[in-house]
Amino acid sequence: MDHPDDLVDADEEPADEAPADERTTLTAPYPVGKLAATVERLRREVRAAQAEADGRALIELAKGILVERLGCGPAQAARQLAELAGQAKVTPLELAVDVINQSARDRLSDVADAFVAGARDDEPAATDREETERSAAVRLREAESGALAAPDTQAVADSLFHHALTPLGAVAVAIWTARSDGSLTLAGSAGFSPAEAGRWHYVPPGVTTVARTSLTERAGQWIGSLAETGIPTIGQHQYPEGGRAALPAGTGGRVHGVLEVVWASPLAPQSPQVVRQVEALAELCAHTLETYAFAHGGDTVSEPRVLPDAVELTDLADGLHDPALVLVPYVDGGQLVDFHIHHVNSHFLDPAGRPRGLVNGALLLEAYPMAAGESELFQRVERVYATGEPFRAQRMSLTALVDQVPLAAVADISISRHGNSVLLIWRIEDETARLASLLQHAQRLGRIGGFEENLLTGEITWNGQLFSLYGRPPSSGAVPLEELALHAHPDDAVAIGRFLRTLLHHRRPAAAAFRLQRPDEVTRHIRVVAEPVLDADGRPFVVRGAYQDISAQHWTEVALAATRDQLAHSEQQAAERNRLTLQLQHAIMPPTQAPLRAPRLDVAVRYRPAETEQLVGGDWYDAVVLPSGLVLLCVGDVAGHGIEAATSMVVLRNALRGLAVTGAGPGQLLSWLNSVAHHLTGSITATAVCGIYDPDSRTLRWARAGHLPPVLVRDAEAVSLPLLKGLLLGAVPEVTYSEDEVQLAVGDTLLMYTDGLIERRDRTMQESMTQLLTTVRAAPCTLDQQLDRLLTYSRSDTDDDTCIVGIRVS
């Protein structure tokens with residue numbers, strides 16, 4: 001059972017009410033039920049009395065219309081109204097509303113006619129059509145009558161809700177009053193609990209709500225479901241899924257508030273007749289708010305009227321030091337179409353240069369037809385007048401204000417509403433002053449000072465920046481051009497003399513650079529540029545020019561020149577080091593070498609230095625017959641480039657030759673060579689492959705230290721020997737290297753090489769090896785031709801050295 005406090009709430013009605021007799025029967029045994037039934041009966045009687053009172057007001061208004069039209073008395077008009085109602089088979093109230101609509105032809109009658117026409121187009125049943133016509137005509141006039149007779153906006157909300165909005169399915173309504181500061185005040189509501197209305201009594205400026213959105217956009221907002229928008233508003237917890245309609249309540253282009261209507265369930269798209277009916281109700285609210293505010297002397301319901309009218313605003317504009325216009329709205333057919341320029345103050349400057357008399361009294365769009373275009377000035381004024389929120393902007397373009405007038409005006413704009421008028425202030429920026437300010441800043445940043453010297457009167461004009469460049473106070477006076485050499489370094493006298501002769505004698509523009517010696521003993525590097533101004537006889541009478549402090553540029557050039565000299569010296573030293581390195585490398589390993597004489601064995605070597613001299617590397621090779629008759633074959637590559645790599649290569653090559661005389665195997669030789677690389681050469685690293693060939697048995701024992709294995713060519717096949725384990729030289733103090741033995745046959749060719757032969761940046765080492773094996777299969781007749789072919793068709797692109805050692809068993 002409902003709480004008694006809720007039952008006596010005049011703003012809420014219980015849903016799905018049972019008939020009075022049935023409800024009384026059900027609740028009769030209980031005292032609370034009897035009390036609720038009594039309250040409900042009294043509420044129905046109050047509503048019936050209110051409806052009867054509204055009906056009587058409409059009937060009396062219709063009688064007055066008949067008295068005026070028929071020229072009869074009130075009693076005869078009443079009889080005429082009753083007879084006409086009987087003939088038309090309608091109630092006197094319905095006929096009274098029809099008479100009022102036919103006589104008024106206002107917005108409410110237009111909405112009623114549209115509603116009736118829409119109902120007839122849908123062709124409902126006769127009883128439904130009569131109900132539709134009655135609801136469209138009677139309820140709007142009842143709502144109007146109740147609103148006009150209402151003592152406050154709360155009563156207006158009650159009248160609109162019960163007479164016009166409840167038949168549309170609405171469950172609540174709120175009337176918001178808009179303040180000039182952008183805030184909203186809940187002036188009246190129906191269908192909400194007192195607690196909810198209290199929470200939403202005031203909405204501060206800047207808070208986005210459904211009503212605020214409608215006010216900002218000055219357009220009706222029809223929301224199908226409040227949950228889909230997420231915008232807060234009154235009753236959002238009470239009707240979270242319900243539909244909303246928020247329409248600005250304004251007249252004559254001025255928005256006084258917002259009418260917000262609430263439905264309990266999601267709202268489907270409404271017919272144009274319903275939309276027009278709600279718009280008519282919003283307009284009725286606007287008239288009510290405007291009338292109520294005027295009667296109470298304020299812009300809003302709770303705000304006293306303290307702002308001046310147009311006459312007082314004129315006095316205010318005349319007291320301003322900025323150009324100002326006083327605008328009053330120009331309304332045609334109830335719509336705001338333009339603003340009258342009521343007054344322009346004495347400081348007003350028309351952007352088109354017209355006198356004030358041509359602007360004062362004209363319409364805003366007539367005087368400035370392009371104000372509604374690019375600059376959007378008219379839209380700004382219209383919005384300020386509608387909402388009361390002031391608008392201010394800096395450096396707003398006024399280029400398109402006046403058609404066919406070339407303007408480049410930029411202004412600071414201020415627009416504010418005062419009472420029923422608008423004050424527009426614009427301060428057009430002085431372009432000449434702005435350019436002068438820009439020039440002054442440019443001279444300061446560029447350390448430039450300007451001057452002008454009259455050759456006839458001797459008068460000299462310097463700007464402040466030039467005195468600063470000279471280090472002289474303005475009270476000391478300017479320096480004439482003829483005395484320029486007295487303030488410059490003595491070595492610059494010739495350059496200054498040549499500058500003055502060109503300028504004064506040859507009468508041509510001239511420039512010169514000199515060292516200025518200032519009174520504070522600071523020397524600055526200055527460049528002076530000047531040109532003569534000739535009179536009618538071709539004689540110079542004025543010289544204009546400028547001085548520029550180029551000290552920073554001068555010292556930058558000096559530092560740059562020193563850097564260039566140092567770089568050139570470094571390049572020369574680097575070239576000399578590379579030349580010496582290359583000579584050392586060629587002395588030890590010439591690119592070509594005489595064939596090695598060995599029994600039943602052909603030996604050939606090739607060395608190709610890097611194409612770039614700055615990348616002289618540490619590649620080396622060796623092929624020598626040992627005292628034992630065995631043949632030492634080896635190639636190696638020292639990490640790095642330059643003189644250090646070349647000298648390290650010499651150490652390793654000579655050390656291996658000496659160690660090979662001991663008769664040790666290739667694995668032992670590489671172990672000893674690793675110790676040399678690690679301890680005796682500054683911890684260099686290198687790769688190498690070493691082989692000992694026995695001509696008698698045609699066997700080759702070999703080992704590798706991080707190097708590519710040799711390639712064996714037999715008949716038309718080429719294979720790479722197994723990849724033995726072996727760490728590169730110099731990495732750790734002690735390493736043991738594995739050995740392998742290969743049995744060669746007559747006609748076999750064995751190749752040892754460095755990675756400069758095959759290494760490429762754009763492919764893997766495996767791909768390069770495959771290409772090498774393909775190349776060596778098609779071998780020419782001689783060993784020398786085969787090595788030359790390898791160098792010719794090598795696809796290496798790393799600019800590294802290349803060494804090749806080849807043997808062929810014969």
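Here is a short chat about three residues in a predicted model.

Biologist: Hi! Let's start with M752. Where does M752 lie?

Modeller: Happy to help. M752 lies in strand 26, which covers residues 749-753.

Biologist: And does M752 count as buried or exposed?

Modeller: M752 counts as buried because its relative accessibility is 2%, and the cut-off for buried is under 20%.

Biologist: Okay, what does M752 touch, not counting residues up to four places away in sequence?

Modeller: M752 touches L633, C634 and V635, then V689, G691 and P710, and also C803, I804 and V805.

Biologist: I804 caught my eye. How many residues apart in sequence are M752 and I804?

Modeller: They are 52 residues apart in sequence, with 5.7 Å from C-alpha to C-alpha in space.

Biologist: Changing topic: what is phi of R507 near?

Modeller: Phi of R507 is near 60 degrees, a positive value in a residue other than glycine. Most residues other than glycine have a negative phi.

Biologist: Good to know. Where is the place of R507?

Modeller: R507 is in the loop between helix 19 (493-505) and strand 14 (510-517). With 39% relative accessibility, R507 counts as partly exposed.

Biologist: I also noticed R698. What is phi of R698 near, and where is its place?

Modeller: Phi of R698 is near 55 degrees, again a positive value in a residue other than glycine. R698 is in the loop between strand 21 (686-694) and strand 22 (699-705).

Biologist: And why does R698 count as partly exposed?

Modeller: Because its relative accessibility is 31%, and partly exposed runs between the 20% and 50% cut-offs.

Note on methods
Residues are numbered from 1 along each chain as its sequence is written. This is a predicted model: local features need pLDDT of at least 70, side-chain atom pairs count only at pLDDT 80 or more; totals for chains, interfaces and linings use all residues. Side-chain values use heavy atoms; hydrogens and water are left out. Helices (H or I, at least four residues) and strands (E, at least two) are DSSP runs, numbered from the N terminus. Buried means under 20% relative accessible area, exposed over 50%, partly exposed in between (1.4 Å probe, protein chains only). Contact means heavy atoms within 4.5 Å.
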